[in-house]
Amino acid sequence: MNRMIRGAAGLSGPLALVAGLLAAAPPAAASTPDNQSYALNAVGHFSVQMVGQATYSGGSPVVLPNADTAGILRTGIITDTAGAVSASSRIPALSVVLPAHGSLRAAAVSSSCSFNRKTGVVTGHSSITGARITRPRGRPIMLPASPAPNTRMVIPGLAVIILNRQYAGPRGTLTAEGLWVRMQRRGHRQKLVFATSVCVKADLAAAAPATGRTMRLTLGGLGLLLLGGIAYQLSRRRRKLAAPA
């Protein structure tokens, strides 16, 4: 799963139990590329990797409760999926605090990728619905809903933004990122990547997933996911364990 789980020591109650469940989960084979998606990568003031990761071999879909993180971002309920020939990530109600009292808000940010069985080609797509950047002085900046791949925007004093970021990786993978943000002001060392989908240039249906469909809650380095969402996740796990085989 390649997840970063920080601060598990010292947690108590539901937080400690969820962290334990995640730590015990078997990792996916590192040598085999897989279709996957995840909601957030972050480096800087707070750092997390692959929050909400869904993989074809390890479980899909993954649904996360609302996140409120380090006073920098808030989201609605996140959904990540990964199948034999596709992957997708969707983040609704995204709100990001930018330097100098700026902000970035979007009704939804999403990405997807897919492998075409007939042509053997992998393609990616991203969309940003109802997105705009506000500044203390100046008119709001509206972001395009269906940007061309690797559309770059520079907002002086606030951020550098890349919309629909796409790039090829090893073994024929294609990565599509809905929104890439780097804070652009002294004292704001933060990079955020939202809604990432990764697809392999292959049909993975021939190799059945190692596990069935699951739902996971990923704490990562956030540690601030709402307790209501954690309780929901724990209750769902209990129902699944209690269900007859």
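Biologist: Is Asp-34 buried or exposed in this model?
Modeller: The model is a predicted one, in which local features need pLDDT of at least 70 and side-chain atom pairs count only at pLDDT 80 or more, whereas totals for chains, interfaces and linings use all residues. Residues are numbered from 1 along each chain as its sequence is written, and side-chain values use heavy atoms, with hydrogens and water left out. The relative accessible area of Asp-34 is 13% (under 20% is buried, over 50% exposed and in between partly exposed, with a 1.4 Å probe and protein chains only), so Asp-34 counts as buried.

Biologist: Where along the chain does Asp-34 sit, and which residues beyond its sequence neighbours is it in contact with?
Modeller: Asp-34 belongs to the loop that runs between helix H1 (13-24) and strand E1 (36-44), helices (H or I, at least four residues) and strands (E, at least two) being DSSP runs numbered from the N terminus. Once neighbours within four places in sequence are set aside, its contacts (heavy atoms within 4.5 Å) are Thr-55, Tyr-56, Ser-57, Val-198, Val-200 and Leu-204.

Biologist: Which strand does E1 pair with over eight bridges, and which residue there is the bridge partner of Ser-37?
Modeller: E1 and E16 pair in the antiparallel sense over eight bridges, a pair of strands needing at least two DSSP bridges. Within E16, the bridge partner of Ser-37 is Ser-197.

Biologist: Which residue of E15 stands opposite Ser-197, and how enclosed is E16?
Modeller: E16 also pairs with E15, again in the antiparallel sense over eight bridges, and there Ser-197 stands opposite Ala-176. Because nine of the ten residues of E16 are buried, this strand is largely enclosed by the rest of the structure.

Biologist: Which residues of the largest nonpolar core touch the most other members, and which strand gives the most to this core?
Modeller: A nonpolar core is a set of buried Ala, Val, Leu, Ile, Met, Phe, Trp, Tyr and Cys residues joined through side-chain atoms within 4.5 Å. The largest has 35 residues, and those touching the most other members are Val-96, Ile-161, Leu-179, Leu-192 and Phe-194. With four residues, the strand that gives the most to this core is E8 (residues 86-98).

Biologist: What does Phe-194 touch, and how many residues are in the second core?
Modeller: Not counting residues up to four places away in sequence, Phe-194 touches several residues, including Ala-39, Leu-73, Val-96, Val-109 and Leu-179. The second core is separate, includes Ala-82, Cys-113, Phe-115 and Leu-204, and its residues number eleven.

Biologist: How many residues apart are Arg-117 and Asp-203, whose side chains meet in a salt bridge?
Modeller: The N to O distance of this salt bridge (a side-chain nitrogen of Lys or Arg within 4 Å of a carboxyl oxygen of Asp or Glu) is 2.6 Å. Arg-117 is exposed at 53% relative accessible area, whereas Asp-203 is partly exposed at 31%. Arg-117 lies in the loop between strand E9 (102-115) and strand E10 (122-129), and Asp-203 in the loop between strand E16 (190-199) and helix H2 (227-242), so that the pair links distant parts of the chain, the number of residues apart being 86.

Biologist: What is the relative accessible area of Glu-177, which forms a salt bridge with Arg-165?
Modeller: The closest N and O atoms of Arg-165 and Glu-177 are 3.0 Å apart. Since Arg-165 lies in strand E14 (residues 159-168) and Glu-177 in strand E15 (residues 174-183), the pair ties together parts that are twelve residues apart in sequence. Arg-165 is partly exposed at 26%, whereas Glu-177 is buried, its relative accessible area being 4%.
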